[in-house]
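Me: Please take a close look at one part of this model: a helix, the helix it packs on, and the loop that follows. After that, set it beside other helix pairs and loop residues of the chain.

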Amino acid sequence: MGVQFDHPWMLLLLLPWAALLWWMLRSTIRLSGGRKYAAISLRALAMLLIIAVIAGFQPFVTVSQRDVIFVADRSASLDADGLLGQWIASAAMSKEQGDRAAVVAVGRNAVVELPLTAAIPEENKEQFSFRAQTEPSFSHLAQGLQLGSSLLPAEGGRVVLLSDGEENMGDLLRQGRLLRDLGIAVDVLPIAPRERRDAAVERLELPKSLRQAEKFVFQVTIKSTYAGDGELRLYEDNREIAKQSVQLERGENRFALQSVATSPGFHRYRAELYAAGDERAENNAAYAFSRVEGPPSVLIVEGKSGSSANIEKALAASLIRTATIQPEQLPQQLASYAQYDSIILNNVPATRIAAGPMEWLGKAVSDFGVGLVMAGGEESYGLGGYFKTPVERALPVYMDLKGKRKIPSLGLVLVIDKSGSMADGKIELAKEAAIRTVELMRDEDTVGVVAFDSEPWWVIKPTKLTERDDVISSIQGIQADGGTEIYSSLATAYQALRDVKAERKHIILLTDGQADPNAGYGKLTASIVEDKMTLSTVAVGDGADTGLLKQLADAAKGRYYFTNDQSTLPAIFSREAVMMSRTYIVNKRFVPLIGQAGNWSTLFGEGMPAIDAYIATTAKETADAVLLTPDGDPLLARWQYGSGRTVAWTSDLTGNWSADWTLWGKFPSLFSAWVKWTFPQFNAAPYEIAASLEGGETKLGITATDGGSTGINVAITDDNGERLELPALPVRPGEYELTMPAAQPGVYMAKISAGKAGEKDGVTAGFVIPYAPEYRISAGEGGEKLRKLAELTGGRVLSLENPGDVYQFAKTDSRRYADWTRELLIAALLVWLVDIAVRRISIPWARLAQLAGGRRSKQSQTPSAASPAAAGHGQMSRLRQRKEQTRAFYSKEAEPRKSPAVTEREQERERERAKPGVRPPSGGSPKPAEQQAPPQTQKQMRHEAEDRINRLLAAKKRTGK
């Protein structure tokens, strides 16, 4: 048993404590005798206890024991939790009483599975069960050793590492040198990974830059642990371009496949291996990328088949390659748009573009620098439903007219199916469509919303849009449930719309269900037409009553829509609102006016043909309105959007509205100039980017061939369109580094710019994130590294057969401390309370004992015939004795305080005692004279006795006793 003080210098407080003790002994005069020494002792003890707490008093006992920390490798390369758990449990069972064990699991990170303890839990005695979550795709053995060593006490112990030694994070031997300096030995248990049938695609190599029509070779490196057959497939932008049967041999295999660079642009490539008996799929793919330079490529998206002949001929005259597709054929992956230099939307309605491609069109412009051109027509711009879409954000014009002309007032009622079949996301898109329609309308317009299931329910009755936020909030509260009843809902909307005062009245019905065709719809649609209203219907999905809905729309002079893609509902609703409330098609012949043409002004120096019609839009504030109409609307506008450029031509290119332009001899070169202006603007001194995996992060190294600037920004985009902007820090002239979080394997595109990420001077580059190194087929050198670690730290190489050897080392003496802080404080408090009691409460122990003794003697005596005079003489004798004792105690200090009257009475009593016949008392027996004194004398003697007692009390008060 020993004692330790955490703050021994605080023991200097004992000096003032001793001084205070001496002062209390010398100066405490109000207490005397035992009470004084008891009070001082108690107070000194309380202060001594507090000083012990302040100094960090800690008792301890010294024990001899062995401490072992098991560090278990749970990475995917080893994958042997069962074996590790059994060996640890067997080793722990061999320890002696008092020995302790702890378990640390390590993968990408290290966690404590079992803290240092002598009592192994019952459920872990046969096989230790790992419960903590560790990322198995990496091995950070150095962190496991660091965490394990931190669990050991200061006196030391041992760390036992159970692993295959295949680390891919940190430095195992460097951590071993640190532990050696701390005096901690590391024992190792090398475990060879289980032999598995595994074939891994190590690398896919091809030139990063190609010319169109250039032949090149794919080089694929495959490492295999067995011999067998396999199939190698190559993909370009998720399109299979080659497939070849291969014969795998044990070890490294190399294969070469030839191909031709056909399509200009940025392309992603992937090699995949399919091999019989392969037990691990995580390492069966490798990635690469390349940019094919050559004639620019333009994607034409046409709303009506065969309507793009004028565009195709104009671009072909400038040797620009084109590909023409329908809107439904737009790619579903963002990276596929990077293979085009520009995209043309030729009179395409937004209702035919799904939500994904609509988003990718905007991102392709802003992130990758791909150009975008929109050509007008009856299905484009506002009439096409592009209000508040990513395409509108990319174009240089707004889809609404911003109050530039008189617009007829609109009364609109939306009839929305909210039955249970709308619950799978349709109702949310229907609400978004209704909200977008409300946002598109003006304050003086009137809107009402009817939601129906088995019966109609007014979400918001027809009201002016002065309180637009309240209307939107009410729409957001619609929930899907119930059946489907269309007729009563339409009738309710019709009756309410009759009372609305508006120049144009319209109803939009949306449903995905069936209805009773014999409910009297003919009479209802006739009433709608008679009251100068219109009705458009939207059928969602194959379960909708398409025949009835089309019949209703035709009978009520509206439009019928069918969609299997519910993401197009917002575009359908906004298109309907625009077509009803505003006259977007301007039918009048005019010659365009030149506006902010810039370097395009020379294109129109010799004049230009007339235009017959166009779609009215509003130019954005920072856009260049190159050509204007007499009403000030933009006919041709351009601007920069993120990394790319976009152009808006609000007339058509089919010849219906612009026949003179399409027949004009300068039109091919003029239109090609517009499209070429949108092509990506690449820097003459591009950046080079390389990626490497370091643990769970990807480190990008970027090199600027022109020396670079003080800093650059990088915008990284993956296949799903997720964008991440990061600053790159310079590490040396022209070289930069940045670290991005863990990401999935694949090809990533980066926009590198010297200014803000995504600006027009940026360079598009690619990099590859491979699969985690834990899934690579190793060379089996980890065992040798473990042996070096044991030799470096003075540890041992253990074996699977003898787990009991773990605790075969010398015990170490360690201290086990007890924290007595709480107990000491409680003791100090109790001592302080006793000290207060001793000082404040005075107990006359002698008087109590005398009284107790008097009662016992009185009880033991028998009744006597003693006279009252004899009793009086006994009392007088005791009083005289008390007087003499008091006089001896107070000595001469009390004498000056006696009054003259008291002194005179004492002298008189002395004279009385000196008279003949009166003798002093002897042995306490009564005086003879007193025994014969008359009754008057006895009374006088009692008065004198009382007087003496009073004088004694007065003397006590004067002396402070």
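Reply: Buried residues make up 49% of the 961 residues in the protein chain. The model is a predicted one. The chain holds 23 helices and 41 strands. Its exposed surface comes to about 46100 Å², and carbon and sulfur atoms supply 51% of that area. Now take the contacts in the chain with a separation of 6 or more: residues 24 or more positions apart account for 74% of them.

The close look starts at helix α17, residues 782-793. Its partner here is helix α5, residues 172-181. The two axes come within 9 Å and cross at roughly 15 degrees. Angles under 35 degrees count as roughly parallel, so α5 and α17 are roughly parallel to each other. Their crossing is right-handed.

Which residues make this contact? On the α5 side they are Leu172, Leu173, Gly176, Arg177 and Arg180. On the α17 side they are Lys785, Leu786, Lys788, Leu789, Leu792 and Thr793. By class, the contact of α5 with α17 divides into five nonpolar, two polar and four charged residues.

Next comes the loop. A loop lies between α17 and β41, the strand at 812-817. Gly795 is found in this loop, and so is Leu798.

Take Gly795 first. Gly795 is partly exposed, because its relative accessible area is 23%, between the 20% limit for buried and the 50% limit for exposed. What does Gly795 touch, leaving aside residues up to four places away in sequence? The list is Arg158, Ala185, Val186, Asp187 and Ala790. Asp187 deserves a second look. Gly795 and Asp187 are 608 residues apart along the chain, yet their C-alpha atoms are separated by 4.5 Å.

Now Leu798. Is Leu798 buried or exposed? Leu798 is buried, because its relative accessible area is 9% and the limit is under 20%. Again leaving aside residues up to four places away in sequence, Leu798 touches Trp87, Val160, Asp187, Val188, Leu189 and Pro190, together with Asp805 and Val806. Asp187 therefore appears among the contacts of Leu798 and among those of Gly795, where contact means heavy atoms within 4.5 Å. Leu162 is a further distant residue in sequence: Leu798 and Leu162 are 636 residues apart, and 9.4 Å apart in space, C-alpha to C-alpha.

Two other helix pairs can be set beside this one. Two packed helices are described by the angle between their axes and the distance between the axes.

The first pair is helix α12 (residues 521-530) and helix α13 (residues 546-555). They pack at an angle of about 30 degrees, with axes 9 Å apart. α12 and α13 are therefore roughly parallel to each other. The crossing of this pair is right-handed. Tyr521, Thr525 and Val529 of α12 make the contact with Leu548, Leu552 and Ala555 of α13. These residues divide into five nonpolar, one polar and no charged.

The second pair is helix α9 (residues 426-440) and helix α10 (residues 468-476). Their axes lie 9 Å apart, at an angle of about 170 degrees. An angle over 145 degrees counts as roughly antiparallel, so α9 and α10 are roughly antiparallel to each other. From α9, the contact takes in Lys431, Ala434, Ile435, Val438 and Glu439. From α10, it takes in Arg468, Val471, Ile472, Ile475 and Gln476. The contact of α9 with α10 divides into six nonpolar, one polar and three charged residues.

Last, three residues in other loops. Lys532 is found in the loop between α12 and β25, the strand at 533-540. Lys532 is exposed, because its relative accessible area is 73%, and the limit is over 50%. His506 is 26 residues from Lys532 along the chain, and their C-alpha atoms are separated by 9.0 Å.

Lys557 lies in the loop between α13 and β26 (560-563). Lys557 is not a glycine, but has a positive phi of about 60 degrees. At 59% relative accessibility, Lys557 counts as exposed.

Tyr381 sits in the loop between β19 (371-375) and α8 (390-394). Its phi is near 50 degrees, again a positive value in a residue other than glycine. Tyr381 counts as buried, at 0% relative accessibility.

Definitions and conventions: Residues numbered from 1 in each chain as written. Predicted model: local features only at pLDDT ≥ 70, side-chain atom pairs only at ≥ 80, totals over all residues. Heavy atoms only, no water. Axes fitted to C-alpha atoms, helices over the stretch in contact; angles between N-to-C directions. Helix = DSSP H or I, 4+ residues; strand = E, 2+ residues; numbered from the N terminus. Parallel < 35°, antiparallel > 145°, perpendicular 65-115°, else oblique. Left-handed = near helix turned anticlockwise from the far one by under 90°. Nonpolar A, V, L, I, M, F, W, Y, C, P; charged D, E, K, R; others polar. Buried < 20%, exposed > 50% of the residue type's maximum accessible area, 1.4 Å probe, protein only. Areas by Shrake-Rupley, 256 points an atom, 1.4 Å probe, with all protein chains shown as cover.
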